[in-house]
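Q: Please take a close look at a single part of this structure and describe how it packs and what lies around it. A connected account would be preferred to a list.

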Amino acid sequence: MTSWMTNVVFGLFFLLGLTGLFFFVLTRGALLVRGFSSAQNSAKSHVYPLYSNMRLIKLVDFQPVISAILLFQYSTLVSKIVEGLGATNLKGKKVLVTSCAFGNVIPRVVDAAVQSGAHSVVIADIIDNELEHARGKLGHHPGKVAYVEDNATAMTQQAGCADANVMFFLLHELPHPLKIQALREAGRMLAPGGKLYLAEFHRPEVPLLRLLSWTYFKVFEPFGLALWDTHDPVNCLTEMGGWTCERSTYFFGNFQVITATKH
Ligand SMILES: C[S@@+](CC[C@H](N)C(=O)[O-])C[C@H]1O[C@@H](n2cnc3c(N)ncnc32)[C@H](O)[C@@H]1O
């Protein structure tokens with residue numbers, strides 16, 4: 001290898017390492033530090049600092065970066081949810097978005113819900129800055145969208161208030177008991193026949209991808225691995241009862257979108 005090629009390869013690895021370190025410090029690293037402090041008992045103690053600081057939110061929230069983190073499956077996953085909303089008559093109904101997310105998922109979901117006739121869309125998040133940031137992406141649909149500071153595991157919304165609820169990559173960030181609570185809350189807030197759209201990681205079919213994915217979770221997002229087995233959302237919902245679940249997987253099984261209909 002020529003020396004300039006060696007430099008390029010070295011430079012790429014250095015950049016990758018630096019990016020990894022950046023994300024580690026703002027996610028798992030911060031949670032480890034919090035584990036030793038008194039902040040560990042608050043309702044927000046599982047939330048990464050990345051979601052609290054407006055400068056960091058704006059620094060990271062670029063569609064190509066977010067798409068790359070989801071191995072360029074982001075748009076496909078959002079499309080599956082948008083198709084579901086588009087195929088539902090939501091005339092006069094309320095749609096919930098339980099927690100914000102980076103990228104264009106919120107504008108796409110809100111557009112689809114409004115086009116299907118929804119009279120309101122409630123976006124709920126435990127972090128006020130995330131709601132403020134989401135508001136900045138949604139200049140249109142005046143009067144239709146409400147932003148509510150709320151905890152997915154103990155929501156203030158009334159029982160049966162919504163006909164659709166979108167939960168985009170929230171579960172893998174919640175400690176295990178909170179995953180169950182968030183699913184229970186999603187069920188409580190849906191009217192009979194209402195649909196929960198859940199996008200998440202899934203256990204990959206291909207061993208190499210499984211190993212890479214396992215390593216990613218062990219290093220960055222340790223709460224995510226349980227989605228592969230003990231806290232598989234379809235199993236959890238089935239055990240709770242009162243749901244019919246349909247699961248689609250993507251990219252060799254690395255991702256899933258679950259459409260769960262409440263009885
Ligand atoms: C949905 S996950 C992010 C998924 C993915 N990393 C992304 O942004 O595309 C992150 C969001 O969930 C929110 N969040 C975390 N725990 C929450 C909870 N208990 N209730 C409501 N929102 C929560 C965070 O504040 C953040 O806005």
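A: Helix H5 (74-86) passes helix H6 (residues 105-115) in a right-handed crossing (the near helix is turned clockwise from the far one by less than a right angle; anticlockwise would be left-handed). The model is predicted: local features need pLDDT of at least 70 and side-chain atom pairs count only at pLDDT 80 or more, whereas totals for chains, interfaces and linings use all residues. Residues are numbered from 1 along each chain as its sequence is written. Helices (H or I, at least four residues) and strands (E, at least two) are DSSP runs, numbered from the N terminus.

The axes of H5 and H6 come within 8 Å and cross at roughly 15 degrees (axes are lines fitted to C-alpha atoms, for helices over the stretch in contact, and angles run from 0 to 180 degrees between N-to-C directions). H5 and H6 are therefore roughly parallel to each other (angles under 35 degrees count as roughly parallel, over 145 as roughly antiparallel, 65 to 115 as roughly perpendicular and the rest as oblique). From H5, the contact draws on Val78, Ile81, Val82, Leu85 and Gly86, and from H6 on Val105, Arg108, Val109, Ala112, Ala113 and Gln115 (two residues are in contact if their C-beta atoms, placed from the backbone, lie within 7 Å). By class, this contact of H5 with H6 has eight nonpolar, two polar and one charged residues (Ala, Val, Leu, Ile, Met, Phe, Trp, Tyr, Cys and Pro count as nonpolar, Asp, Glu, Lys and Arg as charged, and the others, Gly among them, as polar).

The buried residues of H6 are Val105, Ile106, Val109, Val110, Ala112 and Ala113 (buried requires 20 or more other C-beta atoms within 10 Å of the residue's own, exposed 12 or fewer, and partly exposed lies in between, with C-beta atoms placed from the backbone). Seen down the axis of H6, these buried residues fall within an arc of 165 degrees, so they line one face of the helix (the arc is that of the directions from the helix axis to the C-beta atoms). The elements against which the buried residues of H6 pack are H5, strand E1 (94-98), strand E2 (120-125), helix H7 (128-136), strand E3 (145-149) and strand E4 (162-168). After H6 comes Gly117, with a positive phi near 105 degrees.

The surroundings of H6 may be followed through H7. Glu130, Leu131 and Ala134 are buried in H7. Seen down the axis of H7, they fall within an arc of 100 degrees, so they line one face of the helix. On the other side of H7, Asp128 and Gly136 are exposed. The cover over the buried residues of H7 includes helix H3 (54-60), H6, E2 and E3.

The loop between E1 and H6 holds Ala101. Ala101 is buried, because 23 other C-beta atoms lie within 10 Å. Its C-alpha atom is separated by 8.3 Å from that of Ala134, although the two are 33 residues apart along the chain. Leaving aside neighbours within four places in sequence, Ala101 is in contact with Ile106, Phe168 and Phe169. One of its partners is thus Ile106, a buried residue of H6.

Phe169 itself is placed in the loop between E4 and helix H8 (176-189). Phe169 counts as buried because it has 21 C-beta neighbours inside 10 Å. Its phi is positive, about 55 degrees, although Phe169 is not a glycine. Most residues other than glycine have a negative phi.

On the H5 side, Phe72 lies in the loop between helix H4 (63-69) and H5. Phe72 also is not a glycine, yet has a positive phi of about 60 degrees. With 11 C-beta neighbours inside 10 Å, Phe72 counts as exposed, whereas Phe169 is buried.
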